[in-house]
Amino acid sequence: MDIRIIVGDVAKFRGDALVVNLFEGVKAPGGATGAVDTALGGAIRKLIRVGEVTGKWGEQTLVHALGKLPVDRVLVMGLGKPEDFTLERVRIVSAEAVKHLRKIGARRVGTIVHGAGTHLGAQTGTRGFNAAQSTQALCEGALLGLYRFTRYKKNSEDGKEIEALTIIERDREKLRAMAEAVRRGRIVAEATNVARDLVNEPGNALTPAELGRRARDLARRTGLRCRLLGPPELRRMGARALLGVARGSQEPPRLIILEYRGGRRGGPHLGLVGKGITFDSGGISIKPAENMEAMKGDMAGAAAVIAATSAIARLQLPIHVTAVVPATENLPSGTALKPGDILRAMSGKTIEVINTDAEGRLVLADALHYACRQKVSHLVDVATLTGACVVALGTLNSGAFASNQALLDKVVAAGRATGEKIWPMPMDVEYDELIKSDVAEIKNTGGRKGGAITAAKFLQRFVGETPWVHLDIAGTFETDKEKGYQVKGGTGVMVRTLVNLAVELLSE
Ligand code: BES
Ligand code: MN
Ligand code: ZN
């Protein structure tokens with residue numbers, strides 16, 4: 001979908017449909033909605049008077065222009081109460097509007113920027129966001145909301161595509177900032193959709209080697225350095241925790257390393273590590289059959305860091321980023337890792353394997369250690385790590401576990417700014433007791449109680465003194481509901497947070 005900006009009068013827009021909006025409680029719309037209403041001979045005001053249009057949050061009213069405008073239809077989106085309005089609501093309302101119009105076959109859609117107009121601010125008493133922020137959110141919402149995974153099943157709405165979304169702005173002075181916002185919104189939304197594609201891809205297609213190829217192709221397109229390490233290199237490096245998990249599978253593992261050198265020397269060096277289990281059966285500690293298919297998405301952390309790194313490169317942010325993805329399947333076989341086995345990780349630490357289904361922390365142990373050896377100044381890992389995190393936080397918040405309060409605060413703020421909720425979890429030293437082993441330096445499970453925390457405590461043993469945050473996305477990596485800009489399947493969660501974090505680290 002093409003996204004353009006034009007300076008002019010909304011009532012003159014030529015296309016199939018026009019999106020305008022209304023805050024709750026407004027009786028006589030002003031600004032762009034008012035101009036459209038006037039052209040329609042007061043149709044919107046009339047609908048307000050009879051109570052059919054209220055401006056309530058979530059309300060969508062399709063008005064036929066019947067020749068009074070150069071478009072066929074006008075979609076009036078309810079924005080809710082001005083005091084409740086947020087950038088996240090801009091994303092949602094934008095997504096809902098384009099989804100509605102795609103369904104009815106509109107191809108050329110014009111829209112005003114929700115909540116950005118100063119006229120609007122003056123009228124409703126909201127401060128209004130700046131035009132650039134709203135424009136970026138609008139683009140993100142539209143591109144994320146229209147996403148579909150159609151590789152294996154054609155959609156009933158196939159052929160119905162919005163070809164162009166035209167943002168109509170009255171004020172020429174805002175044009176430059178808005179054009180830049182469109183570019184940023186497109187880059188982060190497309191990266192999120194890349195991550196969604198990777199998560200939605202089934203395990204037979206997205207093997208560790210294929211994940212490596214996808215990362216390499218993306219790296220080529222976005223100007224990143226990419227290294228793909230296979231079993232011989234991994235053996236030489238002593239990545240025996242990763243190799244241990246890979247032993248059950250016929251598919252060779254990969255350590256995927258992406259590097260973007262955008263920064264000056266002495267600037268921040270952000271390390272990103274993503275869990276890349278392309279299918280998690282549990283291994284010898286095999287999972288029950290019910291919902292096991294969801295474990296094709298056990299590489300959602302990998303998808304997030306690969307996609308975010310490519311977005312950071314496309315944005316040309318002046319920062320140094322190293323992304324490390326340990327990729328393997330976790331399967332049972334005659335050669336598979338067994339409960340009771342002891343592994344020596346790349347760091348030299350010995351690990352007693354109690355449960356082969358706690359494989360994420362094993363592969364992350366080597367990847368985190370490798371990232372620290374690259375002398376990253378900040379380290380964030382993203383992983384579908386524990387069912388316990390889903391029990392604790394449900395599907396609304398990702399869990400955050402940190403060794404460093406300042407970095408944790410930045411990660412949480414970076415998430416909040418883009419509508420990705422992150423909730424900090426405790427990391428008291430007392431939890432370390434639970435992962436003590438009688439026969440090795442550490443064991444890979446700490447029992448059912450506090451399972452998300454003991455998993456994080458395990459990871460902490462491999463990051464040394466590097467400021468580090470672990471994000472457990474087991475509850476947020478996919479969704480079964482179509483809502484706002486969320487589409488069933490992979491969510492691409494944490495791509496936007498990580499991009500925002502990179503921006504945030506630059507203003508230190
Ligand atoms: N990939 C799973 C965690 C998971 C569960 C992610 C549900 C997404 C949705 C992970 O490898 C796992 O199996 N964890 C075990 C750990 C346990 C054996 C200590 C779990 O959470 O049950
Ligand atoms: Mn597992
Ligand atoms: Zn797993």
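This briefing covers two metal sites and one helix pair. The model is predicted. A manganese ion (ligand 2) and a zinc ion (ligand 3) lie 3.1 Å apart. Asp280 coordinates both. Elsewhere in this account, helices α5 and α6 come within 8 Å of each other, axis to axis.

**The manganese site**

- Three residues coordinate the manganese ion (ligand 2): Asp280 through OD, Asp357 through O and OD, and Glu359 through OE.
- These contacts run from 2.1 to 2.2 Å.
- Along the chain, the donors of the manganese ion (ligand 2) follow the spacing D-x76-D-x1-E.
- Six donor atoms surround the manganese ion (ligand 2), and their angles span 71 to 169 degrees, so the arrangement is irregular.
- Asp357 is partly exposed, because its relative accessible area is 23%, and the buried class ends at 20%.
- Glu359 is buried, with a relative accessible area of 1%.

**The zinc site**

- The zinc ion (ligand 3) has protein donors from Lys275 (NZ), Asp280 (OD), Asp298 (OD) and Glu359 (OE).
- They lie 2.0 to 2.4 Å from the zinc ion (ligand 3).
- The donor residues of the zinc ion (ligand 3) are spaced K-x4-D-x17-D-x60-E in sequence.
- Lys275 and Glu359 link distant parts of the chain, 84 residues apart.
- Lys275 sits in the loop between β9 (269–274) and β10 (276–280).
- Glu359 sits in the loop between β13 (350–352) and α11 (360–373).
- Six donor atoms surround the zinc ion (ligand 3) at angles of 78 to 174 degrees, which makes the arrangement octahedral.
- Lys275 is buried, with a relative accessible area of 2%.

**What the sites share**

- Asp280 bridges the zinc ion (ligand 3) and the manganese ion (ligand 2).
- Glu359 is a donor to the manganese ion (ligand 2) and also to the zinc ion (ligand 3).

**The helix pair**

- Two packed helices are described by the angle between their axes and the distance between the axes.
- Helix α5 covers residues 131–145, and helix α6 covers residues 175–200.
- Their axes come within 8 Å and cross at roughly 30 degrees.
- That angle makes α5 roughly parallel to α6, because angles under 35 degrees fall in that class.
- The crossing of α5 and α6 is right-handed.
- On the α5 side, the contacting residues include Ala131, Thr135, Cys139 and Leu143.
- On the α6 side, they include Ala177, Ala181, Gly185, Val188 and Thr192.
- Charged names appear in the contact list too, among them Glu140 in α5 and Arg184 in α6.

Note on methods
Residues are numbered from 1 along each chain as its sequence is written. Chains are lettered from A and ligands numbered from 1 in the order in which they are written. This is a predicted model: local features need pLDDT of at least 70, side-chain atom pairs count only at pLDDT 80 or more; totals for chains, interfaces and linings use all residues. Side-chain values use heavy atoms; hydrogens and water are left out. Donors are N, O and S atoms within 2.8 Å of the metal (3.2 Å for Na, K and Ca); water is not among the atoms, so sites may look incomplete. Four donors count as tetrahedral if all angles lie between 85 and 135 degrees; four count as square planar and six as octahedral if opposite donors are over 155 degrees apart and all others between 65 and 115; anything else is irregular. Buried means under 20% relative accessible area, exposed over 50%, partly exposed in between (1.4 Å probe, protein chains only). Helices (H or I, at least four residues) and strands (E, at least two) are DSSP runs, numbered from the N terminus. Axes are lines fitted to C-alpha atoms, for helices over the stretch in contact, and angles run from 0 to 180 degrees between N-to-C directions. Angles under 35 degrees count as roughly parallel, over 145 as roughly antiparallel, 65 to 115 as roughly perpendicular and the rest as oblique. A crossing is left-handed if the near helix is turned anticlockwise from the far one by less than a right angle, and right-handed if clockwise. Contact means heavy atoms within 4.5 Å.
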